[in-house]
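The following exercises are to be solved with the sequence and the coordinates at hand. Each task is followed by a worked solution.

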Amino acid sequence: MNILISEVGPRDGLQSITPVMPLEDKKAWISAEAEAGVTEIEVGSFVPAKLLPQLADSAEVVRHARTIPGLTVAALVPNLRGAEAAVEAGAHKITLPLSVSETHSLKNVRRTHAQMLDEARAIVALLRGLPPERRPKFEGGLSTAFGCTIEGHVPPERVVALAEALMDAGCDEVGLADTSGYANPAQVRDLVRRVHAAVGAHALSGLHLHNTRGLGLANVIAGLEVGITTFDSSLGGLGGCPFAPGASGNIVTEDLVFMLEAMGLRTGIDLPKLLRVREVLRAALPGEPLYGFTPGAGLPLGFSQEARP
Ligand code: ZN
């Protein structure tokens, strides 16, 4: 079975740390990960530069990533204007984050659910006006789907209703994001099942998980059990969500790839090569903490991605 790892470090990781990574280092990072076999990377976010100076060069990063053969170039867009910029730069996939917690949505993008759904419909209209070869895939990303640092419990019924509303608005698919790192495996299984039942399994294939409370990989296993085939992660576990206080670190790409490959699943990623990409990060962000267990411990004796049954 093939699992798609979507690397989100250049977006989710970089937006949550203070230092601004120079453009050339971002390009080197993305190229090195693609070279290791990563086939989808979320390379930036089309938000105003004054809000996130770390991602101000997203258009240039997208244009560079587009030159890498076989790489799906993804970007986050907070609104129609961001979507226009992402399309202009040539992104293959765009994600509009919609926070299931309306309080979080108001704080994060200063918009209600109704306003975000209007934004989704406006983006769909933009995309439908494009020739098919320039039309990116459009995902509605349901953030704070497993709980919110401001509202606490997020009712699963509300997640399901917004997933349906996003699909009705014309999204190609929806994703569930554990922005706050509140998710547990039982909850992952339950929520994925509910959303699948409402919009169809084809409309939800990906999870965006954080490792805030150490349950990231356990939640991946739960997702696998209910048919999820795409997982977001970041190299070195860099970053988190600046709008969700206390959240730190996506799940670590290196540990995720090790777990999946050791289980006999295929990611297409060359693990020794991936581990060497950390050096690019270390050199570009001196002093910034990098996480993960596999990089420190090394691969188990005899571990081979070729020789697996
Ligand atoms: Zn995140």
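**Exercise 1. Classify the exposure of A262 and place the residue in the fold.**

Step 1. With a relative accessibility of 46%, A262 is partly exposed; buried means under 20% relative accessible area, exposed over 50%, and partly exposed in between (1.4 Å probe, protein chains only).

Step 2. A262 belongs to helix α10. Helices (H or I, at least four residues) and strands (E, at least two) are DSSP runs, numbered from the N terminus.

Step 3. A262 and F303 are 41 residues apart in sequence, and their C-alpha atoms are 7.9 Å apart in space.

Conventions for all exercises: the model is predicted, local features need pLDDT of at least 70, side-chain atom pairs count only at pLDDT 80 or more, and totals for chains, interfaces and linings use all residues. Residues are numbered from 1 along each chain as its sequence is written, and side-chain values use heavy atoms, with hydrogens and water left out.

**Exercise 2. Search the whole structure for aromatic pairs and describe the result.**

Step 1. The search finds one aromatic pair. Rings of Phe, Tyr and Trp (its six-membered ring) pair if their centres lie within 6.5 Å; planes under 30 degrees apart count as stacked, over 60 as edge-to-face and the rest as tilted.

Step 2. The pair consists of F258 and F303 and is tilted, with 5.3 Å centre to centre and 55 degrees between the planes.

Step 3. F258 lies in helix α10 (residues 253-262) and F303 in the segment after α12 (294-297), so the pair ties together parts that are 45 residues apart in sequence.

Step 4. F258 is partly exposed at a relative accessible area of 21%, and F303 is partly exposed at 21%.

**Exercise 3. Identify the donors of the zinc ion and describe their surroundings.**

Step 1. D12 (OD), H208 (NE2) and H210 (NE2) coordinate the zinc ion at 2.0 to 2.1 Å. Donors are N, O and S atoms within 2.8 Å of the metal (3.2 Å for Na, K and Ca); water is not among the atoms, so sites may look incomplete.

Step 2. Along the chain, the donors follow the spacing D-x195-H-x1-H.

Step 3. H208 is buried at a relative accessible area of 10%, and H210 is buried at 3%.

Step 4. D12 also forms a salt bridge with R11, the closest N and O atoms being 3.7 Å apart; a salt bridge is a side-chain nitrogen of Lys or Arg within 4 Å of a carboxyl oxygen of Asp or Glu. Both D12 and R11 are buried.

**Exercise 4. Which parts does the salt bridge between E254 and R278 tie together?**

Step 1. The side chains of E254 and R278 meet at 2.8 Å, N to O.

Step 2. E254 lies in helix α10 and R278 in helix α11 (residues 271-284), so parts 24 residues apart in sequence are tied together. Both E254 and R278 are buried.

**Exercise 5. Describe the setting of strand β4.**

Step 1. Strand β4 (residues 93-99) is mostly covered, with six of its seven residues buried.

Step 2. Three bridges join β4 to the parallel strand β3 (residues 72-76), and seven bridges join β4 to the parallel strand β5 (residues 137-143). Two strands pair if DSSP finds at least two bridges between them.

Step 3. I94 in β4 is the bridge partner of A75, while L98 stands opposite L142 in β5.
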